[in-house]
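Subject: Structure for you to look at

Dear colleague,

Please find the structure below. My notes on it follow.

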Amino acid sequence: MYLCGNKSPNTMKEIQSIGILTSGGDSPGMNAAIRAVTRSAIFAGWKVYGIYRGYEGLINGEIKEFTSESVSSTIQRGGTILKTARCEAFRTPEGRTKAFEMLHRHHIDALIVIGGNGSLSGAEELAREHDITVVGLPGTIDNDLYGTDSTIGYDTALNTIVDCVDKIRDTATSHDRIFFVEVMGRDAGFLAQNSAIAAGAEAAIIPEDRTDIDQLAQFIGRGIRKSKNSSIVIVSESKKDGGALHYAERVRKEYPEYDVRVTILGHLQRGGRPSAYDRILASRMGVAAVEALKEGQRNIMIGIKNDSIVYVPISKAVKIDKPINRELINVLTELSI
Ligand code: F6P
């Protein structure tokens with residue numbers, strides 16, 4: 001069942017070859033997606049070009065024809081075999097024109113981009129400015145793309161975090177300490193909120209809730225350590241307010257009686273073998289991307305809603321904020337008494 005799409009049969013030209021790239025932060029399952037797109041496109045009789053180092057490599061012509069063997073034994077590997085980059089040049093119209101010329105030179109009819117918000121925004125701009133069909137796959141651990149219940153890599157990262165927090169809990173309990181654990185997610189609290197629930201943390205401090213209410217004060221007000229010897233607070237990273245270090249410092253100042261520690265999980269959250277869920281999601285989405293191209297869809301992102309593949313206009317996926325389910329906030333609050 002497909003939500004909506006951008007089908008435009010009048011401008012449809014028959015696809016004979018596609019390019020595929022990964023861009024932005026890598027996420028576990030990207031390889032499974034590359035494999036699925038490659039094999040599904042070859043199955044359709046198309047040529048497939050792997051583009052290395054994201055948009056940077058596209059501009060520089062780091063392009064190689066892929067065969068079915070190019071993606072052998074990759075489904076279980078973390079990272080991305082195509083490598084990835086954050087490309088400044090592609091943010092400019094001149095950079096995007098160079099990228100388009102390179103696609104044209106290699107006779108690539110459509111581009112499949114696997115990446116997060118910034119990467120898909122770039123894809124959308126490229127498609128708006130030039131005559132190229134683009135299909136996006138949501139590849140980010142942040143899970144912050146509108147129109148899909150899950151992004152490729154989110155489930156693996158969530159499980160990695162929960163595994164780490166379980167270990168931190170052992171030492172927190174042994175020493176009667178408060179731990180502030182910082183997780184990735186930039187402007188989105190999905191990783192923090194759900195890992196807090198899954199690991200039985202006492203609180204989560206997430207960007208969606210950094211309103212006028214001070215979440216730390218709320219947590220303390222609820223009776224920090226009243227009935228417990230240790231506490232774990234999961235904090236979404238934040239450039240704005242300094243993340244876990246900032247909150248730990250405040251507690252140290254205001255409550256010197258507490259023994260406070262900070263763990264910043266950092267990039268280990270992005271690595272590792274993808275979970276079975278992410279492998280299946282990436283495989284389904286990769287096949288769906290090729291199906292979408294066969295149907296003449298353009299400039300859409302493949303999403304998953306209630307276990308069905310959906311097409312979401314890229315412009316919507318990157319511009320509309322994906323809300324945190326408020327019910328999750330209540331679940332954590334009620335269960336952390
Ligand atoms: O967008 C994915 C992400 O992992 C964010 O959660 C994080 O803020 C960012 O990438 C880190 O990026 P980099 O690896 O470039 O420092």
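**The ligand site**

The ligand occupies the largest pocket. For pockets, a 1 Å grid is laid over the protein atoms alone, and a pocket is an open set of points where a 1.4 Å probe fits, with protein on both sides within 12 Å along at least five of seven lines; a molecule sits in one if more than half of its atoms lie within 2 Å of its grid points.

This is a predicted model: local features need pLDDT of at least 70, side-chain atom pairs count only at pLDDT 80 or more, and totals for chains, interfaces and linings use all residues. Residues are numbered from 1 along each chain as its sequence is written, and side-chain values use heavy atoms, with hydrogens and water left out.

Around the ligand (a heavy atom within 4 Å) are Arg86, Ile141, Asp142, Met184, Gly185, Arg186, Glu237, His267 and Arg270. By class, this shell has five charged, two polar (Gly counts here) and two nonpolar residues.

Polar contacts are N or O pairs within 3.5 Å. An N or O atom in the Asp142 side chain is 2.7 Å from a ligand oxygen. Polar side-chain atoms of Arg86 and Arg270 each lie 2.9 Å from an oxygen atom of the ligand. The protein buries 76% of the 400 Å² that the ligand exposes when taken alone (Shrake-Rupley, 1.4 Å probe).

**Domains**

An automatic or database assignment divides the chain into domain 1 (6-153 + 274-319) and domain 2 (154-270). Each supplies at least three residues to the ligand shell. Their C-alpha centres lie 34 Å apart, and 18 residues of domain 1 are in contact (heavy atoms within 4.5 Å) with twelve of domain 2.

Regards

Notes: A polar contact is a pair of N or O atoms within 3.5 Å; within protein, one must be able to donate a hydrogen and the other to accept it, and residues adjacent in sequence count only if both atoms are side-chain atoms. On a 1 Å grid over the protein atoms alone, a cavity is a set of points where a 1.4 Å probe fits but cannot get out, and a pocket is an open set with protein on both sides within 12 Å along at least five of seven lines; lining residues have an atom within 4 Å of a point.
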